[in-house]
Structure formats: C-alpha cells, structure tokens
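Colleague: I am new to this structure. Please take one part of it and walk me through that part closely.

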Number of protein chains: 2
Amino acid sequence: MSEKIPDCINFGLAVRRERSKQGYSQESFARKVGIHRTYLGGLERGERNPTLVTMVKIARELGVSLEDLFRFENANDE
Amino acid sequence: MSEKIPDCINFGLAVRRERSKQGYSQESFARKVGIHRTYLGGLERGERNPTLVTMVKIARELGVSLEDLFRFENANDE
C-alpha cells in the first residue's frame, strides 16, 4: 500500500467515478488506456502522480475533457 | 530546442496566458512555484509533460483551479 498524495486524491476519485459510471472494470479500462491495472488502481486511490499525457489519454478514453474531470474533482469538495 | 508534445501544448498556452495576464515574468513565476525558469519555458511551449502535482502547484500559485486552466485550454481550440 503506497501513501496517498494529497493533490492527486480528487483526480483519482473523478476517474474512478466516471469509469464506474461507464461500466468499465479497472482491468478493462486500464487495457483500453494502455496502462497497467495496478497503476490505474493506485491512480484512483490518489497514490500515483500521473503526467499530463497519461491524464489526457484517460480523459480521451472516457470521452470527457480534462476540464470535466476537474469539474468532477471540485464537486468532491462540496 | 525540444519537440512539442501535442497533448501538452494547450496546457502550456493556458499557463502562459494566465501568468502574463497576472504580470509575472517567467523567472519570477518559476521562482514562486519552485521550478526552474527553463522548465517553465519548456512547459509553456508544450515541450514538457508535467505531473499532476506540478500542475496543481502552478494553478495554486496562479490562484485558479485546474478546471479553469483546462477551460482556457479548450478556448484555444475555438
């Protein structure tokens, strides 16, 4: 178990929420994006500090914009 | 001169626009964020692939949300 990175927690939650909403398992979505399932798991728990390129890939495969993912992120604070 | 990373170009433009609007030089803003001026220059040109933690730091020092920076990004496409 890695430590959570405070600035990465909400992004991970937004990814998890949108992936689940679209009915993807972690495994199938990770395959679609081209990242490892355990990396996606860590990212969704806020334990990974993804690069912009990885974040864009994830947003693209979800069919949302990064603006959308960060809007969801802000919604977590409410 | 490094190569541009397509998925990083609009984020760099959004950072440059907001930094300039707020009257910071690259040097003074880089110092504020705690990154090197040449790294900030590369990032603004879309030649760097920043991590989420770096992006959050930049947004925080600009006093905007990442959602805002990605909204500006989308505006570049119009």
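Modeller: What follows starts at one helix pair and its neighbouring loop, then turns to the chain contact.

This is a predicted model: local features need pLDDT of at least 70, side-chain atom pairs count only at pLDDT 80 or more, and totals for chains, interfaces and linings use all residues. Residues are numbered from 1 along each chain as its sequence is written, while chains are lettered from A and ligands numbered from 1 in the order in which they are written.

Begin with helix 2 (26-33) of chain B and helix 3 (residues 37-44) of chain B. Helices here are DSSP runs (H or I, at least four residues), numbered from the N terminus. The axes of these two helices come within 8 Å and cross at roughly 105 degrees. Axes are lines fitted to C-alpha atoms, for helices over the stretch in contact, and angles run from 0 to 180 degrees between N-to-C directions. Helix 2 of chain B and helix 3 of chain B are therefore roughly perpendicular (65 to 115 degrees).

Which residues meet there? From helix 2 of chain B come B:Gln26, B:Glu27, B:Phe29 and B:Ala30; from helix 3 of chain B come B:Arg37, B:Leu40 and B:Gly41. Contact means C-beta atoms, placed from the backbone, within 7 Å. By class, this contact has three nonpolar, two polar and two charged residues. Nonpolar covers Ala, Val, Leu, Ile, Met, Phe, Trp, Tyr, Cys and Pro; charged covers Asp, Glu, Lys and Arg; the others, Gly among them, are polar.

Now the loop. B:Tyr24 sits between helix 1 (6-21) and helix 2 of chain B. B:Tyr24 touches B:Arg19 and B:Phe29, not counting residues up to four places away in sequence. B:Tyr24 counts as partly exposed because it has 18 C-beta neighbours inside 10 Å; 20 or more would be buried, and 12 or fewer exposed. B:Leu62 is 38 residues from B:Tyr24 in sequence, yet their C-alpha atoms are 9.7 Å apart.

Next, the chain contact. In chain B, 17 residues are in contact with 17 residues of chain A. Helix 1, helix 4 (52-62) and helix 5 (66-76) of chain B each give two or more residues to that side. Helix 5 of chain B gives the largest share, five residues. By class, the side of chain B has ten nonpolar, four polar and three charged residues.

Technical notes
Two residues are in contact if their C-beta atoms, placed from the backbone, lie within 7 Å. Angles under 35 degrees count as roughly parallel, over 145 as roughly antiparallel, 65 to 115 as roughly perpendicular and the rest as oblique.
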